[in-house]
Amino acid sequence: MPYLLYPTEQDAWDRSEEEGIAMGLAYHTEGRGSRYVSAPKETLDGLWALDVTGYDLDELEESTVTPDVTFPQPTEDLM
Amino acid sequence: VLSKPITPKSMNVLGHGLALPLNRQSLDLATGPLINFGGASAAYSLRDLNGRNPRIVRVRRASDNHERDFYKDGINSGELTNWVNSQIVPPLDIGVLTPEGRIPVPEGGTSIGIPAAAYSLRNLSTTYTGNVVDVRRSSDDAEDSFTAAEVADGTLTDWVSEDTTQYMQFDGVDEDISTPALLPATDDFTFTIKFILDEVPASTMGLYGSLSSGSSGRNVFQINTSGQAFAFISGVAALTTANSINVGAINTFVLSRSGTNWSLSLNGGTADTATGSIALDTAGSNIGDPYSGINFNGIITSLSVGTITWDGSAADATAKGWTVNGSPTSTLLNDGFVSKWYDQSGNDNHATQGTAASQPKIVDGGSLVTKLGQPSMDFTTGSTMLLSDSFSITETESAVFAIWQPAKDSATTVQARNRTLFGNASSQIYIGTPNADSQMSFKRFDAVKSFTLGLANLNTPNLHAFVGTTAGADYYFNGSSIYSDTATGTNSIRNHLRIGAKQNLATHDTEGYISELIIYDSDQSANRTAIEANIGETYGITGIPAYDNTVDGFVETWYDQSGNGNDATQSVAASQPKIVDAGVLVSGGLDFDGVDDFFGLIDLDNSNQPNTIISVSRTDVTGSTRGIYGLGSDPSSASGYYRSSNNHTIYAGIILEGSVYTSGTEYLRFDLFNGASSVIGVNGASTVGNSGNRTLTHLMIGDSLLSGVNPLNGRIRELIIYPTDQSANRVAIETNINNQYNIY
């Protein structure tokens, strides 16, 4: 998957919402409903990765998009 | 890490023990809606759990991200899938079918072909931004151009109403206005009266004049049966204009006296004149019912003579001391007529009509003309039509799509005869009803083909489609073929489009409504359903199948049926579970993708154990932990899930495993969190043990950990949370659910 990496979670959410506006998600057209396109995930090195599949990226974003993201390993059996 | 879009709900003010809003005594416990045993905190299902046809889900369709709510009745009836699959690509943007589907033209797809002409009151392409109509307003004959958005948003009707003119509608029976004699006996004057008639009167109709047929100097002004203006001035002359009224438009009748010279004109046409001297009757007069002629049946917008000006309102008449007889309606004249219907194809085959009386109406009395909830054009006035002389197609391969009502509302079978959608100037091709009851016809290769179409389909608006090919022609009504023909012939060029009429205007004009007309000079057999699907969607015509059932639908909200308002929401589009997959309703509940789909967080206001969670779900994988739900002071502290050990499991600080699960199999689970007496029940069987003592406050659905590492790869059909121990009711609840889904 193509990801954009952000230093903060807020930055990633802001980009997701920006794309939601561009896509006409219901929250932005009707005042309720879907607001964001995708949810950021924290990477192993503390950045925030946003899956930008289907996003309309600008040139700068196109040049920085990466598929190489490492997420923390699941810990499901610890609970 | 708490995901941002999760907004905890306010605390449930109703609290524990709230009974579901239904009468448990009235329900069939085994097969009806699931009744409440002590009050659920939250209840999610795709069926009706409380017997009130509640809202079930709010769905986002992937094609355009539009969202709407669905009730139980709409889910299994096909309403949901039809809505998700709706064809949102307008006709001029439809791309040819490829292995990847139809890629819209604005997105790089190849066009199915540009029509010869495309008329509508909406935009037929997302890239079309031009005008759709030119409109003339009847109040002052001003004209302006309007886009589809301006038609829809009220700009058009506002403009038509800008120059408002009062008018009075006379019924032709007993509605008129008694006045003193308005014409001076001997002085010069110019008398002007403006009026509208829907048709040329069958009998000479009075406009204004003296009350008495015996008085000296009597006068009467009328419209005769040829539509000409007529004025009789006793002792002088009878004047008749050469020209006739414009039906459906404002007409201006002017009689003037200058010394001994008299002059009568209509609409500025050549005046009829006479000379003579007479003292006019001053005994009194009447508007609408003079001494001669039938009562006026139409609209009078104003009257003026000398210093007297009547604005067409009852109030103004009364203020002048006149007597308004009967109850004529008096309002503003706000009609708008189409003088140009723009061709959106790019071929500039715009359809025009320069004659006011022949223009279809788009604003009627200040209101936009609509049919099927969309703007339309009223062709009910006689001989209305629009022309495009530049239009040209070849006869063999062609296609026509139209929203069309051939005859007027409630027309009889006779009245529905000979109503034409379009033809060319020589009527070499056309679509229209023949001179026969309850039939439709088209003309092609010099032969008329007629076939049955019931009256109810002729005096209502519907989707008509015609496709001509080298092998014949087919006629479709609301998406279904109603006639097929195999005739072939010379591929002649046909010019000069007429919309709403063919060669014989007097008897073959449409008297109904046309909202949209698209004519292709090509065989559109392969694309017909795609075009019809969009038109059907736009105009709400049911029964037209979506052309390409490949759209996904996602659940933004899964509504809580408990009455506590604990709706499960997901505002991130990519994390919404699927309810329609590639056009087909997902069986077995909502489909969670195993990656990032979930709902949460929902603040349930549960506190201490015991708590009962009943679920119907499945996982599509084994060997990895997949959460059905998470609960707790934060959701990660307790959960119910499919564990990597391949056992059903609950956890509130201590893992309690139940029986073995298999992938793809649906299970009814009865999870009781009750410390050392916890139960994990699967399909009626039980494993009892200690699951821990954590509180169960917040809920997430489709995962068991906030970190998102145990997303369910499977489906959830039903999930009910009780803040109580429901062991005593377990059998009844499980029976109800199992009878519903036949799980075991």
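**Exercise 1. The make-up of chain A**

Work out in which order the elements of chain A run from the N terminus on, and how much of the chain is buried.

*Solution.* Step 1: in this predicted model, the elements of chain A follow one another from the N terminus as β-α-α-β-β-α. Step 2: counting by kind, the secondary structure of chain A comes to three helices and three strands. Step 3: chain A has 79 residues, and buried residues make up 41% of them. Step 4: turning to contacts in chain A with a separation of 6 or more, 61% of these join residues that are 24 or more positions apart.

**Exercise 2. The contact between chain A and chain B**

Describe the interface of chain A and chain B by its residues, its buried area and its polar pairs.

*Solution.* Step 1: chain A brings 26 residues to the contact, while chain B brings 34 residues. Step 2: the size of an interface is often expressed as the accessible area that is lost when the parts come together. For chain A and chain B the buried area is about 2,100 Å², and carbon and sulfur atoms give 51% of it. Step 3: two salt bridges are counted between the chains. One of the salt bridges found joins Arg58(B) to Glu30(A), with the closest N and O atoms 3.2 Å apart, a distance that falls within the 4 Å cut-off for such a pair. Step 4: the rule for polar contacts finds 10 residue pairs across the interface, both residues of each being at pLDDT 80 or more. Step 5: on the side of chain A that touches chain B, α1 (9–23) and β2 (41–42) of chain A each supply at least two residues. Of the elements on that side, α1(A) gives the most, with five residues.

**Exercise 3. A seven-stranded sheet in chain B**

Give the strand order of the open sheet of seven strands in chain B, and find which strands lie at its edges.

*Solution.* Step 1: the order is β15-β14-β13-β12-β19-β10-β22 of chain B, and the pairing is antiparallel. Step 2: the edge strands are β15 (237–244) and β22 (323–325) of chain B, each of which pairs on one side only. Step 3: from one strand to the next, the twist averages 20°. Step 4: as an example of a pair inside this order, β12 (residues 205–210) and β13 (residues 219–223) of chain B are antiparallel and share four bridges. Within this pair, Tyr208(B) has Phe221(B) in β13(B) as its bridge partner.

**Exercise 4. The partners of strand β41(B)**

Determine how many residues of strand β41 (residues 513–520) of chain B are buried, and then follow its pairing with β6, β30 and β32 of chain B.

*Solution.* Step 1: eight of the eight residues of β41(B) are buried, so that by the cut-off of under 20% relative accessible area the strand is mostly covered. Step 2: β6 (residues 117–120) of chain B runs antiparallel to β41(B) and is joined to it by four bridges, with Ala117(B) standing opposite Ile519(B). Step 3: β30 (residues 377–378) of chain B also pairs with β41(B) in the antiparallel sense, over two bridges, and here Asp378(B) has Tyr513(B) as its bridge partner. Step 4: β32 (residues 398–405) of chain B pairs with β41(B) in the antiparallel sense over seven bridges, and Ala399(B) stands opposite Tyr520(B).

**Exercise 5. Three residues of chain B**

Decide whether Met168(B), Gln353(B) and Thr81(B) are buried or exposed, and name residues that they touch.

*Solution.* Step 1: Met168(B) belongs to strand β9 (residues 165–171) of chain B and is buried, since its relative accessible area is 0%. Leaving aside residues up to four places away in sequence, Met168(B) touches, among others, Ile177(B), Trp310(B), Pro328(B) and Thr329(B). Between Met168(B) and Thr329(B) there are 5.6 Å from C-alpha to C-alpha, although they are 161 residues apart in sequence.

Step 2: Gln353(B) sits in the loop between β25 (351–352) and β26 (361–364) of chain B, and with a relative accessible area of 6% it is buried. A polar atom of the Gln353(B) side chain lies 3.1 Å from the backbone nitrogen of Thr355(B). Beyond four places in sequence, the residues touched by Gln353(B) include Val338(B), Ser358(B) and Met385(B).

Step 3: Thr81(B) lies in helix α2 (residues 79–84) of chain B and counts as buried because its relative accessibility is 14%, with the cut-off set at under 20%. With residues up to four places away in sequence not counted, Thr81(B) touches Val580(B), Gly583(B), Val584(B) and Leu585(B).

Notes: Residues are numbered from 1 along each chain as its sequence is written. Chains are lettered from A and ligands numbered from 1 in the order in which they are written. This is a predicted model: local features need pLDDT of at least 70, side-chain atom pairs count only at pLDDT 80 or more; totals for chains, interfaces and linings use all residues. Side-chain values use heavy atoms; hydrogens and water are left out. Two strands pair if DSSP finds at least two bridges between them. Axes are lines fitted to C-alpha atoms, for helices over the stretch in contact, and angles run from 0 to 180 degrees between N-to-C directions. Buried means under 20% relative accessible area, exposed over 50%, partly exposed in between (1.4 Å probe, protein chains only). Contact means heavy atoms within 4.5 Å. Buried area is the accessible area (1.4 Å probe) that two parts lose on being put together, summed over both. A salt bridge is a side-chain nitrogen of Lys or Arg within 4 Å of a carboxyl oxygen of Asp or Glu. A polar contact is a pair of N or O atoms within 3.5 Å; within protein, one must be able to donate a hydrogen and the other to accept it, and residues adjacent in sequence count only if both atoms are side-chain atoms.
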